[in-house]
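Reader: Hello! Could you take me on a close look at the largest cavity of this model, and at how the helices around it pack?

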Amino acid sequence: MKRYLNFIFIFLLSVSLYAEYDFPMKNPYVATIIGSSKIMTEGIPESVPTKEYKIELERSKKIPENLWYEKGFKFSLSKQRGNAPLIYILSGTGSAYNSVRTKNFQRIFYKAGYHVLTVTSVFNSNFVLNVSNSQVPGVLIQDGLDLYNVMKDMLDKVKKEDRLQIDNIYLMGYSMGATHSAVLSYLDSVGKDFNFKRVYMVNPSINLYYSAKVLDDMLDKNIENKAEIGKVVNEVIDEVKKNISPTDLEITEESIYSIFEKHELSDKKMETLIGLAFNLTSVDLNYVVDQINGTHVYSKQSPGKFTNMYPYFEAINFADFSDYLEKLAYPYYLKILGGNLKFNDMIKYGNLRIIGDYLKNEKKIVVVTNEDDFILSPKDKKFIKETFKERSLIYPYGGHCGNMFYQTNVDKMLEYLNKGVFNNEL
């Protein structure tokens with residue numbers, strides 16, 4: 001009887017705690033599509049003073065002719081007057097420094113008094129072509145070193161050109177950018193180039209392969225074959241044409257979400273759209289990595305400056321992230337590291353557990369995520385709770401990044417970064 005009463009007490013306590021969190025979108029797919037790119041916080045300006053930069057690194061000199069527009073690593077700075085704290089924002093999987101979500105965080109932090117530097121994802125073609133040493137991203141420490149070095153270059157550039165005055169440096173990232181935030185903090189514990197005062201992780205992936213497989217499957221399980229993806233893409237294009245002017249025509253994860261946010265969609269349809277949005281990033285990654293490394297998995301020759309690109313993308317045929325790992329990443333690392341490397345050995349290097357001991361003991365890192373974030377396995381959520389303990393908060397709902405611009409979430413984030421106070425209760 002006592003055991004039964006204890007169970008009832010714990011159940012009622014959890015219900016009462018969840019009741020205090022008023023985020024309105026209880027369906028994880030609805031939250032992801034509608035909430036992930038929408039500011040739900042009062043007083044945030046529509047735009048902030050922003051200056052864009054380009055760094056031409058050694059790799060920038062080797063950009064293929066047909067990718068000339070990617071020459072130079074691009075980023076932006078929003079600068080306060082006088083001395084102020086600086087925060088780096090690491091973008092989500094495949095997203096650029098000027099993506100909608102990154103710019104939303106830029107607006108939030110600028111309003112809070114920070115200089116803000118925005119950083120493109122390691123899985124974005126601009127990063128792969130200009131920064132990545134392997135040019136085959138997916139290994140956390142290697143990607144982290146690439147990020148670490150280019151972030152030093154970014155800081156040197158803005159200090160020199162804009163005489164930026166900084167008192168402390170902070171770091172935050174969302175989605176895969178959150179995962180890389182943890183890795184950068186680990187690297188900086190040795191390098192000491194930034195001495196990040198505080199680090200804030202929002203909806204990280206723990207196991208890159210697991211998260212990517214979930215997103216791949218969201219598309220695969222809702223179609224009979226790859227030919228059907230073309231039909232879904234055509235449907236998206238038709239909606240894009242209705243909702244976006246020709247000059248702004250760009251099909252990205254965020255544009256797909258913004259177009260369909262007002263539609264009443266079934267869970268199956270929403271899963272398909274989320275999977276498709278991720279697949280577009282994977283297609284780009286497969287194409288760029290294949291071309292830049294000359295592996296010719298998808299094409300027998302490299303295109304020239306004015307080559308018709310349709311046959312190349314037709315050959316890729318909506319290749320997903322699993323294709324990327326199996327056809328491009330694994331053969332590359334097998335060649336580099338030797339014939340004894342197994343596929344499962346490689347994917348271990350895309351798992352935050354490799355720096356688990358550091359994360360368990362580093363008090364300046366905080367992580368927030370959601371109970372219904374579909375990119376996390378039950379083991380991943382357990383890892384977060386056991387590793388970060390009182391430095392973690394798992395909201396009851398919000399999907400993947402769907403609640404990160406919600407007032408409660410933003411308030412908690414700023415309270416920690418500004419004051420070092422983290423309340424992990426709802």
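Author: Happy to! To read the lining by class, we need one definition: Ala, Val, Leu, Ile, Met, Phe, Trp, Tyr, Cys and Pro count as nonpolar, Asp, Glu, Lys and Arg count as charged, and the others, Gly among them, count as polar. Please keep in mind that this is a predicted model.

With those classes in hand, the lining of the largest cavity divides into 13 nonpolar, 10 polar and 2 charged residues. The lining comprises 25 residues, and the space in this cavity is about 280 Å³. The structure holds 5 cavities of 30 Å³ or more. Which residues lie nearest the centre of the largest one? They are Thr 93, Ser 175, Leu 215, Phe 278 and His 400. Three elements give two or more residues to the lining: helix H7 (208-220), helix H9 (253-260) and helix H10 (267-293).

Two of these lining helices, H9 and H10, pack against each other. Their axes are 9 Å apart, and the packing angle is about 155 degrees. Angles over 145 degrees count as roughly antiparallel, so H9 and H10 are roughly antiparallel to each other. Their crossing is right-handed. On the H9 side, the contact uses Glu 253, Ile 256, Tyr 257 and Phe 260; these meet Leu 273, Ile 274, Leu 276, Ala 277 and Leu 280 of H10. By class, that contact has 8 nonpolar residues, 1 charged residue and no polar ones.

H10 also packs with helix H12 (residues 321-337): the two axes come within 8 Å and cross at roughly 20 degrees. That angle makes H10 roughly parallel to H12, and the crossing is left-handed. From H10, the contact draws on Phe 278, Ser 282, Leu 285, Asn 286, Val 289 and Asp 290, while H12 brings Phe 321, Asp 323, Tyr 324 and Leu 328. Phe 278, then, takes part in this contact and is also one of the residues nearest the centre of the largest cavity. The classes here are 6 nonpolar, 2 polar and 2 charged residues.

For one more helix pair, turn to helix H3 (residues 100-111) and helix H16 (residues 407-419). Their axes come within 12 Å and cross at roughly 55 degrees, so H3 and H16 are oblique to each other. H3 passes H16 in a right-handed crossing. Phe 105, Ile 108 and Phe 109 of H3 meet Val 410, Met 413, Leu 414 and Leu 417 of H16. This contact has 7 nonpolar residues, with no polar and no charged ones.

Technical notes
Residues numbered from 1 in each chain as written. Predicted model: local features only at pLDDT ≥ 70, side-chain atom pairs only at ≥ 80, totals over all residues. Heavy atoms only, no water. 1 Å grid on protein atoms, 1.4 Å probe; cavity = no way out; pocket = protein on both sides within 12 Å on 5 of 7 lines; lining within 4 Å. Points joined across faces, edges and corners; volume = space filled by probe spheres on them. Helix = DSSP H or I, 4+ residues; strand = E, 2+ residues; numbered from the N terminus. Axes fitted to C-alpha atoms, helices over the stretch in contact; angles between N-to-C directions. Parallel < 35°, antiparallel > 145°, perpendicular 65-115°, else oblique. Left-handed = near helix turned anticlockwise from the far one by under 90°. Contact = heavy atoms within 4.5 Å.
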